[in-house]
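Trainee: Got a minute to go through this one with me? I'd like to talk about the sheet and the salt bridges.

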Amino acid sequence: MLPKPPEAGTAPGEWSVSHTYGDIVEVFTACRTADVLAAPAPMPSTQAAVDNMRGYCFFLDADLAGICEPSPECWSDEVIEGHRSAIAIVVGIGRRIRPGEPGYDWICGSEQDNADLRATEIATVLTRYLGMLGYDATAHTAAASDLDRYRVAVEAGVLEAGRRGLGHPFLKRGCAVSVVTTNLEMTPDGPLAPRTPLQHLRIAAKHWLGWGGTRPGWNRLDGRHRPWHLGRFPMEKVKRVDEPTTLIIADEVKRPAARHNFFIRAGAGDLGPRPRTEVARFIRKAPHGIASQEMLRRLVPLQRGDAAPEVAVGAGDADANADAVKALGHFIGADMTGVCEAPEYAWYSHRPDGSPIENLHRYAIVFVLDQGFETMEGASGDDWISGAQSMRAYLRASIIANAIAAQIRRLGYAAQAHTAADDEINHIPLLLSAGIGELSRIGELVLNPFVGPRFKSGAITTDMPLTPDRPIDFGLQDFCTKCTKCARECPVGAIRFGDKVMFNGYEMWKPDVDRCARYRITNMRGSACGRCMKTCPYNIEGVLAERPFQWAAMKLPFARSWIARLDDKLGRGEINPAKKWWVDIEVLDDVPVEPPKGANTRGLNLERKPRDESGFAMFPPEMAPPGPDGMALFPLDREAGVAASQEAERPAAARERIRQ
């Protein structure tokens with residue numbers, strides 16, 4: 001057996017977040033073998049299978065991924081029959097937290113466990129994905145393994161033996177390793193070849209500059225030098241204001257029941273028979289989406305728990321707590337984290353089953369996960385990877401939320417995680433109040449200045465004292481007024497070209513959620529839809545070449561119309577075929593097949609003009625299914641929704657009414 005790579009030298013302390021990881025790892029470990037569909041999925045070629053598997057590893061945020069045929073010496077006991085291929089996954093350990101940094105007691109000593117958790121997540125999801133393709137697979141992780149993961153990593157060319165033991169020239173702080181073995185035959189990579197000092201220097205220089213890759217070795221090019229509590233992006237430089245940039249009349253906001261969610265309404269039959277049938281499979285019909293969604297659901301039991309009987313010493317400092325939870329969120333994988341007070345109107349009134357929601361914590365921690373620029377570049381926004389982009393972010397959000405909530409409960413305070421699988425609070429008012437972004441033309445979607453609309457969110461509510469953040473203003477209301485690209489590119493015309501209206505106490509460009517939900521559920525040439533995210537001018541990579549335009553959009557009002565037009569002239573929002581790593585597969589009757597209807601491959605629709613919006617519909621809370629009735633059928637009245645849209649109050653009138 002080969003020696004392990006260097007690991008973090010500091011043991012987890014009493015308050016280390018490592019102590020919360022056990023329950024999460026146990027959920028993944030219980031799913032380390034695949035449930036296999038009856039027939040194998042068609043693959044265009046062996047190389048396509050290799051590109052698909054390796055691309056999926058990087059999509060799930062592996063740092064390295066390699067393929068080999070594991071030698072007999074790799075196996076600890078019996079070889080798993082038929083498993084001739086292995087995918088080795090490596091996750092590097094990030095910058096260690098410095099003494100005195102916010103969150104030090106929670107993070108220090110957790111570095112290795114954190115990397116192991118990510119490697120376990122990736123291997124398990126990849127295993128479930130292979131099962132949905134009709135191939136047998138098993139995940140081998142730090143918690144449970146049938147082979148020597150490190151020997152496999154060497155044979156796959158992602159680790160090598162050096163003077164200080166196993167390692168990789170690009171990962172200087174240690175790493176975690178997981179392996180997936182499978183009966184899907186793939187071309188092996190082979191071990192790393194010896195390099196001369198000059199060759200090593202040339203490779204290291206390119207890596208340092210980010211030449212030929214997406215993650216530069218120079219920390220300052222991608223924000224890895226920043227203190228953990230500040231997150232990946234310089235949100236501290238964005239203008240802060242006292243109130244969100246869109247009007248919210250708190251006294252007029254009615255708490256809707258979770259049953260008002262249109263995906264839930266579709267499942268109850270409110271939208272008719274076809275959406276009711278398709279809603280159960282609109283994510284699960286694509287194997288990439290199934291793999292993450294299954295694990296997301298299995299984590300739901302961890303979202304609630306009892307707090308420790310006594311509050312930990314020093315845990316009552318609101319400023320320190322706020323910085324610590326932000327640092328912890330970033331450490332586990334969030335791209336940015338904010339804190340706010342959770343207004344009562346943000347909570348749903350009833351769960352889908354009709355039971356009332358009464359446990360209203362005072363504070364909320366809300367964070368976001370970037371859905372990934374690279375994959376979005378290769379997609380149309382409504383093709384076969386769209387649902388997987390959402391599910392990857394939702395699963396990661398669940399892991400982060402459950403770990404933070406468990407950590408807060410260990411400190412003696414009540415805390416509850418809220419995820420896409422089990423949510424009791426509306427994230428939009430939290431994202432606005434916590435300064436993550438502003439409401440956009442897309443409608444019920446908060447847009448961030450650095451990742452645009454390309455994110456999903458998770459939340460934790462708690463009674464632990466926290467210092468709230470303030471909302472931000474980066475000029476988005478003016479930009480969205482001048483840019484109508486998302487409305488033009490929406491496949492079903494669910495986004496307004498026209499002005500804002502008042503909806504349930506909010507000023508917004510209220511979308512036609514009936515049209516939007518129906519298309520996302522019944523899209524036959526893809527899984528779900530994120531076309532608005534794909535084509536938004538704020539969907540940027542964040543490289544140095546784009547930052548000047550981002551800065552101008554935020555700071556120079558006169559430049560915003562020009563930037564919106566330039567976005568079209570540069571072809572932003574078109575599909576970049578070089579970035580498509582996945583194989584399009586649809587699951588029909590439990591058989592993975594090539595999609596019979598193909599995949600959406602939309603280009604920009606530059607000729608489309610503003611449409612007549614007289615048929616636009618909106619459905620205020622008084623038109624929603626009664627919360628206490630649970631899942632009882634409540635057919636959608638679209639005619640009433642159209643009338644409600646036509647009669648909607650304008651924000652100027654609402655402001656004047658309030659003033660008087």
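Mentor: Sure, and keep in mind that this is a predicted model. Let's start with the sheet.

Trainee: Okay, which helix lies across β7 and β8?

Mentor: First, place the strands: the open sheet runs β7-β8-β12-β9 with antiparallel pairing. Its edge strands are β7 (336-341) and β9 (415-418), each pairing on one side only. Six bridges hold β7 to β8 (residues 363-370). The helix lying across that pair, at about 145° to β7, covers residues 318-332 and is α10.

Trainee: And in β8, what is the bridge partner of C340?

Mentor: β7 and β8 run antiparallel, and β7 spans 336-341. Over in β8, C340 finds its bridge partner in A364.

Trainee: On to charges. How many residues apart in sequence are the parts that D189 and R54 tie together?

Mentor: Their side chains form a salt bridge, 3.0 Å from N to O. D189 sits in the loop between β6 (175-182) and α6 (197-209), while R54 belongs to helix α2 (residues 46-59), so the parts they tie together are separated in sequence by 135 residues.

Trainee: Is E507 buried, partly exposed or exposed?

Mentor: E507 meets R655 in a salt bridge (2.9 Å, N to O). R655 is partly exposed, at 40% relative accessible area. Buried means under 20%, and E507 comes in at 6%, so E507 is buried.

Trainee: Last one: which residues are linked with D568 in a network of salt bridges?

Mentor: Start from the D568 and R488 pair, whose closest N and O atoms are 2.7 Å apart. Both D568 and R488 are buried. The network links D568 with K485, R488, E489, R531 and D567.

Methods
Residues are numbered from 1 along each chain as its sequence is written. This is a predicted model: local features need pLDDT of at least 70, side-chain atom pairs count only at pLDDT 80 or more; totals for chains, interfaces and linings use all residues. Side-chain values use heavy atoms; hydrogens and water are left out. Two strands pair if DSSP finds at least two bridges between them. Helices (H or I, at least four residues) and strands (E, at least two) are DSSP runs, numbered from the N terminus. Contact means heavy atoms within 4.5 Å. Axes are lines fitted to C-alpha atoms, for helices over the stretch in contact, and angles run from 0 to 180 degrees between N-to-C directions. A salt bridge is a side-chain nitrogen of Lys or Arg within 4 Å of a carboxyl oxygen of Asp or Glu. Buried means under 20% relative accessible area, exposed over 50%, partly exposed in between (1.4 Å probe, protein chains only).
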